[in-house]
Structure formats: structure tokens, C-alpha cells
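Trainee: Got a minute to go through a model with me? I'll put it up here.

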Amino acid sequence: MSNVIRHFVTFLSPRRGLAIAFFLTSFIELTVLSLAPLSFKFMIDYAIEPGDRNAFFLILGILGSIGACGVAAGLISDRLLATILAEVQQQLRRRLFSHLQHLNMERFQASRAGEHVSRFTVDLPAIEGAMMSMMTIGLQSVAVVSISVAILFTLQWSMALLILAGASLIYLGPYLLSRRARRVYGAYRDELEAMTGDVQENVRGQMIIQGFHVQQTQIHKFEKRLQQLFIRHVHYNVTNASLDRLPIISLLLVNFSIIGFGSYLALLGQITLGTLVVFFTIYTSMGNAVYNLTAILPSFASARVSLERLSEMLTDEEKQQAEQKDSAALQPCPEIIADGLVFRYPGKEPALQGISFTIPAGTTAAFVGPSGSGKSTILQLILGLRQPSGGRLTVGGIDILHVDAESYRSRVGTVFQDSFLFRGTVKDNILIGRPDASMEDVVRAAEQASLHEFITGLPDGYDTAVLEDGTNFSGGQKQRIAIARALLREPYLLLLDEITSSLDPLSEAAVTHTIQNRSKKRTAVIISHRLSVINTADVIFVMNEGRLVDSGRHDELLRRCPLYLQMWKQQDEDHLNMMKKETWTS
Ligand SMILES: Nc1ncnc2c1ncn2[C@@H]1O[C@H](COP(=O)(O)OP(=O)(O)OP(=O)(O)O)[C@@H](O)[C@H]1O
């Protein structure tokens, strides 16, 4: 609990002024609330018992004025709290989203589909709920209990002691249960997250699910997930109910003892009737306060689980400050040097096994090889999305291990195998390459990617809406938008991963021409299964099973590299077969 409160205090510190105003107004309200039971004593002992009407009206007037102050302070504190909580949520959402933008690829791939979304939809609201409880019920209950204890001890110590012991008993049960509750909440949350991930994956894969007509298999798989979730859900509800029930039982027991002991003291004449009424009233409000405190324990346990899940984000900024990065910007025509490069995906055999190569400044290099030979991995290492497990990789003299992603990638244009489009317009999607580019630059990039004519043929041209995942565009169109995006950046280093796989032969020829007709400032690295795209590259690296087996120009490799020759012949054969098929069908 103290850990949770410590975090909450950290969240409050940037808005210290608001927080102080809130605590001040709350203090006024709570003091009024806590002292309210004393009014009975004054009424009974100074007005009702002596039968003094003047004293009655005086006490009533004073009580009314104090009460009005309390209500006004309460209203102000509500408004302050609403602002504080909204600001804290806003800040946490901002930090979480920004943290998400800087997660490395390994972390993304190790996470489940629903994990990151549930940080926003489950964990942040849980933290807000607990903060709200702490600053309303928690604060109120602690104040009521402290003030009540002080009053009770000034009135009669033995009664006060008994009430204090009783109040501790009410709190004890839930406190002991809280560790188990945290475990149960965490397990339930994990299962809920897995279910969200399943639903997300199912929605994204609907085309395949319906295409293969495997809905029943999906329902069956989801049923299994629901069964696991059901067990966790029952545990969750039982724990919640126990956290509620235990204090009620303790409250009844303590009620019984206090009524007996208090009445006995009054019977012996050791306390006045007014004092007895005050004791009962204070005990009732104090019992309620303690009960309320126990009622917010589940939200604290839940917030603790959420804070643990967000711990990566909360420590992120400190880590970033600790890391020393090379913020040197990429120079034109960078030379790329790999020396004994090793890379291993977690829990797998090395995908790259000690690769060394040099891509001279301003040249076009191509990586070819069978599927799974490690080509895309090299590209991701050059881009700095992954860090080498061994060896050294420098781009334009910058060691990729210490590169500052922002300054380095600002001059790198990349087209990935999967040409992802964001919701927005075609223009927005191209502008991702360089948000401050002019419309002329956008059109030029689109022309270079053989896209301009297609866009101007659309009803809304560059302002045509792109739906989620770019579902209203074909694979080839998406790929050309992604190419325009990369070219718009005017990159010093161009990285292209299978960019022509979805293009028709005409677009392929046009795009290939654009890329090979490079500016003097650019180095390009191309991965392609289509050797026709890369046969004019300055240097071609042939990969097989994570190793570099040969390198050279197209003609040289055809003469001396059996694997390259085999791939070339295979491609020729495929091409001929395709031509024959087309002639036959036409
Ligand atoms: N995210 C990943 N997690 C684990 N292993 C991976 C991951 N990505 C690739 N691999 C493995 O690393 C090896 C190299 O993969 P890579 O994608 O670099 O090959 P590639 O030559 O680009 O293949 P392709 O031509 O089919 O795209 C393969 O054995 C692959 O299974």
C-alpha cells in the first residue's frame, strides 16, 4: 500500500499547487465532519439537560455556520480533485503512448496482441480509481479516525482503547488478505489481456478465417480461453466478496462489545449520558470510516498490479537518461561496414553467424538468398531496430549499438515487406516520410514511385481517405505509397525489403529505375527475390543459412557462385513458365 501511495505522491508532485489547495479544502471539510458528533455532547450537556433555550439556539447557530463552511470547502475540493485526476490520467496516457513509440522490436514481439491496449483500457483506469479512492474515502477515513481517536481519549481512555482495538480488528482481516488479492487480481488481469488479444487477432484475421471457413475452430479455441478466464473470474469475485465480508463480521463483533462495555460504564455512573451518546456516535462514524478504508483496499490491490505492469514505463525515462547515445546525424553517402556480425533471436539458433562485409559509400548493394537466410535481419540491424548479439556494425562511421535513433533515422528511408498504411489520407501517409514537406515534394515522390497518375485518377486525389490497415488499396498500391513515403525523406540511406513483390512488371521496372538512378548522396541496400531487380547493383551479397557465401557483381556471381546461378536459372525458368501460361490462356 505504501508503495502505491508513493507512486501517487509522485504523480501529484508536478501539480503541487492544485494538490495543496485540495488538501486544505478537504481538511476543512473533514474537520467539520469529524467534530460533528461533539455537537450532541454540547446540546445534551449544555442545552437539553439544563433546559437552557438560549444555549440551544446559540449552539444551533454556531453548528449551522460551521456546517455551511464545511459544505463549501467540500464543493471546492471536489472540483480540484476532478481536475487533478484528469491531469494525472492525461499525463500517464501521454507517457505510456510515448513509451510505446520507443519500445524495441524484441519487446514488441515478446508481447501479446492485447497487452499494450489493455495498459490504456484497464491499468490506467484502475490507477485513477485507486487515486480517487485514496483522495476521497481514504483521506476522509484517516482524518475521521485520527480526530475521533483524539476526542475519545480526552473523554475516557478505557473506552477509547476498546474502540481503537475494535477498529484495528476491522482493518486486520482485509489487510491480511491483500497479498493473496494481488495475486488473484494479477492472474485475472493477465487472462483478460489474453482474451483481448485473441479478439483483436480474430478481427484482424477475419479474411483468412472466413476464407478457410474455420469459424468453428476459432469458436472452440475461444471457448477454451473463456474457460480459463471463468476460473480466474470466479477467484476474483470470491476475493472481492471476502474483502467486503470480513470487515462486516468484525464490525458486528466490535459493536456488540462496545454497546455492552459503554452501557456498563454509564450504569456504574463513570460516564455521563452525553458522553455515552458521543462515544456511540463517534464509534459509529469511526467504524464506518475504518470500514470504508477496508472497502478501498481492493482498488489499491488492483492499482498495485497495474503499477507493476506499468513499471517498465515508469522507469523508462531514468533509463533513457542513463544511456549515452551517439547523436551524430547521418552523413550523405554513408559507408556500411559489418565485422563478424552475429545476431540471435531470443531462444533461437543465430540468424546471422559472423558476417563481414563493406558497402562502399554511395553504392547500391543487394542481399539475395533463400528464404530464412537472414536478409531482412541484416536490414533491421542496419536500421538499428535490433542490436547485434556480437561483432560490429557501423553506418557512416556511427556504431549502430550506440546510435541515437532519432538523429540517425531522420535520413534513412525504409520500405518494409509489409507496407502498412495509417488511417488518414493518401497525402498523410506519404507525408510520414517528411511531415514538413511541401505538396510539390509529395507529388515528386509519388511520381518517382509511379504513383502520381493513379492518385490523380482517384475521386479525391491526394486527399482520398485511407481506411484502417489500408484495406481500400491493393497490395501493389500500398507498396508504392510506402515507396513514395521513403523517397520523400530524401534519404542518405535507402533500405528496401522486397519492395517489388506486389508490383506489376511495368511498375516494377519504373520503381527499379528510380531507385537505381540514385542521387550522388545516397547509399542503397536492397533485398529482393527477383534477381532482375538487383542485377545492376554495384555489389550483390549471397546469403545462405545465416552466412555470407559470396559477393560480387551479377556477371561474376553467375560465373562462380553455384547458389546464385541456381537462383537465376530458377527465376528464368519460372519466368518462361509464366510467359507460356499467359500465351496459353490468352
Ligand atoms: N521475429 C523473429 N523471431 C524469431 N525468429 C525470427 C524472427 N524473424 C526472423 N526469424 C528467423 O531468423 C531467420 C532469418 O530470418 P529473415 O527474416 O532475416 O530471413 P530472410 O532471408 O529475410 O527471409 P525471407 O526471404 O523469407 O524474408 C529465420 O530462420 C527466421 O525464422
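Trainee: Is L161 buried, exposed or partly exposed?

Mentor: L161 is partly exposed, at 43% relative accessible area; that class sits between buried, under 20%, and exposed, over 50% (1.4 Å probe, protein chains only). Keep in mind that this is a predicted model, where local features need pLDDT of at least 70, side-chain atom pairs count only at pLDDT 80 or more, and totals for chains, interfaces and linings use all residues. Residues are numbered from 1 along each chain as its sequence is written, and side-chain values use heavy atoms, leaving out hydrogens and water.

Trainee: Which helix is L161 in?

Mentor: Helix α7, a DSSP run of H or I with at least four residues, numbered from the N terminus.

Trainee: And which residues make the nonpolar surface patch?

Mentor: F153, W157, L161 and L164 make that patch of about 400 Å². Patch residues have over 30% relative accessible area and no salt bridge (Lys or Arg side-chain nitrogen within 4 Å of an Asp or Glu carboxyl oxygen), with nonpolar side chains joined within 5 Å and like charges within 9 Å. Helix α7, residues 157-204, gives the most, 3 residues.

Trainee: New topic: which residues have the most contacts inside the largest nonpolar core?

Mentor: I430, I534 and Y564, in a core of 43 residues. Such a core joins buried Ala, Val, Leu, Ile, Met, Phe, Trp, Tyr and Cys through side-chain atoms within 4.5 Å.

Trainee: Where does this core lie, domain-wise?

Mentor: Domain 3 (336-411 + 491-583) and domain 4 (422-485) both give residues to this core, so it lies between them. Those bounds come from an automatic or database domain assignment.

Note on methods: Accessible areas come from the Shrake-Rupley method with a 1.4 Å probe; for residues, only the protein chains shown count as cover. Helices (H or I, at least four residues) and strands (E, at least two) are DSSP runs, numbered from the N terminus.
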